[in-house]
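Subject: Structure for your files

Hello,

Here is the structure I said I would pass on. Please have it open while you read the notes under it.

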Amino acid sequence: MAGACSNPSGTDTKSPSASSAADSGMSNPATGPDSGWISLSDGKSLDGWHTYGKKQAGTAWNIDSGAIHLKPGAKNGYQTAGGGDLVSDSTFGNFDLQLEWKIQRKANSGIMVFVQEDTARYRETWSTGPEMQVCDPDSNEDAHSFKHEAGDLYDLIASTIMSARPAGEWNQVEIISNHDSLNLYLNGTHIISTPIWDPQWRKLIAGSKFKTMPGFGTFHSGHIALQDHGEEVWYGHIRVKKL
């Protein structure tokens, strides 16, 4: 979704290679049955991902310096021709999700959870999946809109602290869904904590642009989605642990 962001300082401009994990502040332990972490990005391919409603990832998605990358080109509506929102093959309920993102100037994207891939009922990923906003801190199209800034739970809850780094720099995200609660972290700062699926959650939805979407925010498990908003974005070090 479109949105604006804050503009705290930051210095890390490296790609999310194994050597940059320590520099960026995100650890990169081995994945597998012993660690409990499941890697969703091997840095070499788009294995484990596909475009929403399709069997494979669109050609606008590729790997760049070890990160999942959307290279925009000709438009298909507000999205990229050959792109579309990228969704995980697997679904998750209670989970700890960690990843990194960086974005071009004036751009926005988003990370969605609990997405239902039933295109006959739900046209878009955001018809069902709540979104953590991803965008350029300085010059997004809806600059400084309340609940649309980087890290916000888009159009539902504003971040307590604006901690996004400028366009072109890496940001670290953690999203934890566990026992009917949702917690969001950006660059090591705990920015949102909320119960989900309770009366207050339903009240938040009723006061948002999603109020006319009966499936939005109602599902307890689903796909993870990375939004194609027609602008360049990178995602790396994507891993999840089932809780």
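The notes below go through the confidence of the model, its overall make-up, its core, and then its cavities and largest pocket.

Confidence first. This is a predicted model. The mean pLDDT of the protein chain is 88, and 84% of its residues reach 70 or more. Residues 2–27 are the stretch to treat separately: pLDDT stays under 50 there, although the model has 89 contacts beyond four places in sequence for these residues.

As for the overall make-up, the protein chain has 243 residues, of which 55% are buried. Its secondary structure consists of 2 helices and 15 strands. Among contacts with a separation of 6 or more, 71% are between residues 24 or more positions apart.

The largest nonpolar core contains 55 residues, and I111 and Y235 are the members that touch the most others in it. Leaving aside residues up to four places away in sequence, I111 touches L97, L99, W101, P130, E131, M132, V134, V173, I175, A225, L226 and Y235. The two core members just named, I111 and Y235, are therefore also in contact with each other, with heavy atoms within 4.5 Å.

I111 comes up again in the cavities. There are 2 cavities of 30 Å³ or more. The largest has a volume of about 40 Å³, and its lining is made up of I111, V113, P130, E131, M132, L153, I175, L182 and L184. Strand 9 (108–115), strand 10 (131–135) and strand 12 (181–186) each give two or more residues to that lining. By class, the lining has 8 nonpolar residues, no polar ones and 1 charged; the charged residue is E131. E131 is also one of the residues that I111 touches.

The second largest cavity has a volume of about 30 Å³. F114, P130, L182, I196, W197, W201 and G217 line it, so P130 and L182 appear in the linings of both cavities. Here the classes are 6 nonpolar, 1 polar and no charged, and the polar residue is G217, because Gly is counted as polar.

Last, the largest pocket. Its volume is about 340 Å³. It is lined by 14 residues, and Y52, N76, Q79, G84 and E124 are the closest to its centre. The lining of this pocket has 3 nonpolar, 7 polar and 4 charged residues.

Regards

Technical notes
Residues numbered from 1 in each chain as written. Predicted model: local features only at pLDDT ≥ 70, side-chain atom pairs only at ≥ 80, totals over all residues. Heavy atoms only, no water. Core = buried A, V, L, I, M, F, W, Y, C linked by side-chain atoms within 4.5 Å. Buried < 20%, exposed > 50% of the residue type's maximum accessible area, 1.4 Å probe, protein only. 1 Å grid on protein atoms, 1.4 Å probe; cavity = no way out; pocket = protein on both sides within 12 Å on 5 of 7 lines; lining within 4 Å. Points joined across faces, edges and corners; volume = space filled by probe spheres on them. Helix = DSSP H or I, 4+ residues; strand = E, 2+ residues; numbered from the N terminus. pLDDT = per-residue confidence, 0-100.
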